[in-house]
Amino acid sequence: MRIGLALSGGAARGIAHLGVLKALDELDVKISILSGVSSGAIAATFYAAGYTPDEILKLIKELSVFKIMRPAFGTIGLMHLLEVEKLYEKYLGTDASFEKLNIPVIIGATEMNQGIEVYYSSGNIIKPLLASSAVPILYRPIDFEGRMLNDGGLLNNMPVDCLEGNCDIKIGVHTNPINHQAKITTIRSMIERTVQLAINNNVKLRMHLCDLLLEPQELKYYRLMSFRKADQIFDIGYQYTLSMEKHIKLLVEEKEKTL
């Protein structure tokens with residue numbers, strides 16, 4: 001039984017993916033392949049590299065976002081990701097590649113010139129991982145293999161479609177439920193809301209491709225940049241997935257009967 005897990009982007013909310021992975025480990029649900037964009041790509045890559053969800057959470061909490069943000073004025077983007085690249089090389093290795101991971105991973109990014117989504121699953125993993133989180137305008141694009149790449153969530157924030165043919169069961173994890181009672185009172189909240197609504201629209205188009213969708217509703221009360229609440233967000237993903245144990249195991253049992 002091959003189980004594929006598609007992890008959405010979601011900035012700080014994406015920390016919930018780690019809680020989901022921890023719960024799946026405890027439920028003895030073996031993941032055969034992972035796909036992800038943005039924070040989902042980070043969770044997928046580090047998990048596939050052998051880090052436990054708790055270890056990844058510790059790394060996130062110890063790293064200061066402000067220390068890795070550096071201005072890059074005069075370019076297409078206000079900040080670059082050089083310090084982030086150094087961190088990835090430190091914890092994944094300077095020669096990190098998809099082939100060295102313990103579990104296959106597919107990372108989604110957006111090719112800005114052509115305006116298309118692209119996937120990476122072989123060769124150098126650092127550049128695609130950087131690109132998948134490079135929010136347009138905020139971060140300068142990543143030049144890789146003749147392409148200008150930015151955040152994968154721009155066109156496909158839950159890359160479940162690329163799992164087709166690579167597994168028997170496709171589970172999507174969406175960390176951006178919409179809070180329909182939200183009050184927009186500042187320019188910052190308006191920008192955040194605009195991005196979330198736009199990106200959520202491309203997720204809706206792909207939800208039907210999932211055999212099971214995990215979407216912790218409590219996450220709607222957390223801002224995209226709530227990194228200081230990492231423990232709470234992690235626990236939401238963890239507790240929610242444990243509560244879905246019956247649904248997960250029933251799905252596996254039913255699928256096994258058809259194979």
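This briefing looks at charged side chains and a few other residues in the structure above. The model is predicted. A search of the whole structure finds eleven salt bridges, and three of the pairs are introduced below. We also meet E215, a buried residue that has no salt bridge, and L82, which has its place in helix α5.

**Salt bridges**

- Let us start with K86 and E83, which form a salt bridge whose closest N and O atoms are 3.4 Å apart.
- Both residues belong to helix α5, which covers residues 82–92. Because K86 and E83 are three residues apart in this helix, about one helical turn separates them.
- E83 is partly exposed, and its relative accessible area is 25%.
- Another salt bridge links D95 with K100, and here the closest N and O atoms are 2.5 Å apart.
- K100 is exposed, with a relative accessible area of 53%.

**A link across the sequence**

- R206 and D161 also meet through their side chains in a salt bridge, at 3.4 Å from N to O.
- R206 sits in the loop between α7 (187–204) and β10, while D161 sits in the loop between β8 (147–151) and β9 (169–173), so this pair ties together parts that are 45 residues apart in sequence.
- Are these two partners buried or exposed? R206 is buried, with a relative accessible area of 12%, whereas D161 is partly exposed, with a value of 28%.
- The story does not end with this pair: E117, D161 and R206 are joined into one network by salt bridges that share partners.

**E215, a charge without a salt bridge**

- Where does E215 lie? You can find E215 in the loop between β10 (212–214) and α8 (230–243).
- E215 is buried, yet it has no salt bridge.
- Which side chain of opposite charge is nearest to E215? That is R13, at a distance of 8.5 Å. A salt bridge needs the nitrogen and oxygen within 4 Å, so R13 does not form one with E215.
- Leaving aside residues up to four places away in sequence, E215 touches H174, P177, M207 and Y240.

**L82 in helix α5**

- L82 is placed in helix α5, the helix that also holds K86 and E83.
- L82 is partly exposed, with a relative accessible area of 47%.
- How far apart are the C-alpha atoms of L82 and G115? They are separated by 24 Å, and the two residues are 33 residues apart along the chain.

Notes
Residues numbered from 1 in each chain as written. Predicted model: local features only at pLDDT ≥ 70, side-chain atom pairs only at ≥ 80, totals over all residues. Heavy atoms only, no water. Helix = DSSP H or I, 4+ residues; strand = E, 2+ residues; numbered from the N terminus. Buried < 20%, exposed > 50% of the residue type's maximum accessible area, 1.4 Å probe, protein only. Lys, Arg positive; Asp, Glu negative; His and termini not counted. Contact = heavy atoms within 4.5 Å.
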